[in-house]
Amino acid sequence: MSASIPFTADFDFNKSYTVYDESDDGFTSMGVQITKLYDTAEFGEAFDYTGTLGAEYSKAQTKFTVWAPTASDMMLNIYNSGDKTDTAKTAHNMTRGTKGEWTAVVAGDLDGKYYTYTVTNADGESEVVDPYARSGGRNGVRGMILDLDLTDPEGWNDAFAHKIPDYGTTADAMSKAVIWEAQLRDITIHESSGVSEANRGKFLGLTETGTKTKSGKSTALDYIKELGVTQVHFQPLFDFASVEENFATATYNKNGEYNWGYDPLNYNMPEGSYSSNPADGRTRVNEMKQMIMALHNAGIQVIMDVVYNHVSNAGSSNFEKLVPGYYFRMSASGEFLNGSGCGNETASEHYMFRKFMIDSVKYWTEEYKIDGFRFDLMGLHDVTTMNELYAALKAVNPDVIVYGEGWDAGTNGLPESDRAIISNASKMPNVAVFNDIIRDGMKGSVFTITDTGYATG
């Protein structure tokens with residue numbers, strides 16, 4: 001059954017709507033799902049925002065901008081600490097702009113302060129971390145305002161002190177790339193790595209040289225260099241949800257909490273468990289830069305594994321709390337689609353999430369000098385987004401490498417013709433894909449342990 005219900009005034013995205021149906025049995029009611037309205041040209045014309053988002057820092061002032069067109073109110077909260085138990089704050093009213101953006105300007109030098117937003121919409125009131133936050137405190141519960149220049153290691157912007165490898169931009173140079181995939185913690189966590197105990201499993205573990213096993217074999221950075229690889233592809237280095245970043249309780253630095261990192265929490269800040277001090281947002285930024293610089297000076301480029309296709313928990317995510325139903329693909333009944341196999345899939349075809357993805361990879365390239373990106377479950381992103389993303393990166397770094405998994409992991413909400421999958425590779429001439437057909441042909445199916453391929457009998 002369907003019905004057309006005309007509005008006597010413009011639809012108000014700040015409100016929730018309920019439809020009541022009168023019958024012989026009385027009234028029945030149903031909440032109105034507005035998510036399909038996000039797909040309309042009218043919504044895009046009204047609310048697609050092209051400006052800068054996040055905290056724009058200077059010593060004189062910091063400008064905060066967050067996009068939330070469905071919000072009826074927005075407050076900026078400034079804290080001295082990134083610890084959620086420290087509740088002292090100053091609150092600032094934010095002003096709504098013409099495209100659904102909210103802005104506040106706070107005078108003074110806020111370097112080292114922490115911040116959140118309090119958003120009010122049809123779902124109620126929520127305190128959220130800015131999706132554009134560049135660092136944060138323990139467990140990423142608050143964003144951090146940073147003078148990023150002060151996080152640079154000595155010589156970071158000196159071409160003699162920081163030698164970024166150049167392997168060229170031609171197809172021949174790309175085809176000769178020797179990429180080594182690694183999980184950062186794994187490389188140095190064991191005592192046999194020879195890395196100093198304080199740095200094991202951390203960004204700084206890969207800044208040490210001369211490390212050896214008891215039998216004299218090279219380890220860590222020296223081992224990677226001896227392998228002859230041209231790029232290291234790190235599994236996620238952004239802030240992920242599953243590892244507790246409290247040194248007082250966590251045992252992950254030895255043999256406890258562990259995760260590859262495919263459960264995104266804050267996309268634009270480094271993971272705190274890889275830092276020597278996760279309570280200080282400056283430390284994780286500086287130490288990640290130190291690691292990248294050490295790899296570059298060893299002749300090795302850095303590729304970052306990015307997981308924009310889903311978040312750790314959609315219902316509690318900052319995206320969902322800011323603009324309910326916009327950043328994720330939803331069913332007609334308002335449930336999260338699950339093409340990732342992780343409970344949700346993001347909507348790269350929506351202008352503001354496409355913008356977020358592009359802004360995010362550009363930020364990592366410009367601020368951290370990342371050399372390339374590998375996209376997890378790239379088939380959940382659309383072809384247009386991947387092409388626009390590559391073009392934006394190419395303008396920043398002509399040598400950039402972009403590739404991903406050319407598949408998804410479930411029922412994808414995108415039409416097959418729009419998916420960034422291996423069968424659509426010709427539509428993305430500058431974006432490479434893993435070839436699972438060749439992989440399984442060589443070794444057998446990854447899903448059936450007894451299955452064999454050409455190399456395994």
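These legends accompany several close-up views of a predicted model.

**View 1. Strand 4 sits between two antiparallel partners, strand 3 and strand 8.**
Let's start with strand 4, which spans residues 61-67 and is mostly covered, with five of its seven residues buried. Strand 3 (residues 54-57) runs antiparallel to strand 4, and four bridges join the two. Look for G54, whose bridge partner in strand 4 is T65. Strand 3 and strand 4 form a hairpin, with three residues between them. Strand 8 (residues 101-107) is also antiparallel to strand 4, and here seven bridges make the connection. A handy landmark for this pairing is Q61, which has A107 as its bridge partner in strand 8. As you follow the strands, keep in mind that side chains in a regular strand alternate between the two faces of the sheet.

**View 2. A salt bridge joins D147 and K59.**
The N to O distance between these two side chains is 3.5 Å. K59 belongs to the loop between strand 3 and strand 4, while D147 belongs to the loop between strand 11 (143-144) and helix 2 (171-175), so the pair ties together parts that are 88 residues apart in sequence. Is each partner buried or exposed? D147 counts as buried, at 10% relative accessibility, whereas K59 is exposed, with a relative accessible area of 55%.

**View 3. Helix 5 and helix 7 are tied together by K289 and E367.**
The side chains of K289 and E367 meet in a salt bridge, at 2.6 Å from N to O. Since K289 lies in helix 5 (residues 281-297) and E367 in helix 7 (residues 351-368), the pair ties together parts that are 78 residues apart in sequence. K289 counts as buried at 0% relative accessibility, and E367 counts as buried at 17%. Why does 17% still count as buried? The cut-off for buried is under 20% relative accessible area, so E367 at 17% falls within it.

**View 4. E345 and R329 form a salt bridge in the loop between helix 6 and helix 7.**
Here the closest N and O atoms are 2.8 Å apart. Both residues lie in the loop between helix 6 (318-322) and helix 7, 16 residues apart. E345 is buried, with a relative accessible area of 0%, and R329 is buried too, with a relative accessible area of 4%.

**View 5. Four residues are linked in a network of salt bridges.**
To find your way around this view, look for D305, R374, D376 and E405, the members of the network. In the model as a whole, the count comes to 16 salt bridges. As a general reminder, side chains of opposite charge can pair when their charged atoms come close.

**View 6. Six strands make an open sheet with parallel pairing.**
Reading across the sheet, the strand order is 12-13-16-17-18-19. Strand 12 (179-182) and strand 19 (432-434) stand at the edges with a single partner strand each, so one side of each is left without a neighbour in the sheet. On average, neighbouring strands of this sheet are turned by 25 degrees against each other, direction ignored. Three bridges pair strand 18 (residues 401-405) with strand 19 in the parallel sense; G404, for instance, has V433 in strand 19 as its bridge partner. Helix 5 packs on the sheet, where it touches strand 13 (231-234) and strand 16 (301-306). The direction of helix 5 makes about 135 degrees with that of strand 16.

Methods:
Residues are numbered from 1 along each chain as its sequence is written. This is a predicted model: local features need pLDDT of at least 70, side-chain atom pairs count only at pLDDT 80 or more; totals for chains, interfaces and linings use all residues. Side-chain values use heavy atoms; hydrogens and water are left out. Buried means under 20% relative accessible area, exposed over 50%, partly exposed in between (1.4 Å probe, protein chains only). Two strands pair if DSSP finds at least two bridges between them. Axes are lines fitted to C-alpha atoms, for helices over the stretch in contact, and angles run from 0 to 180 degrees between N-to-C directions. Contact means heavy atoms within 4.5 Å.
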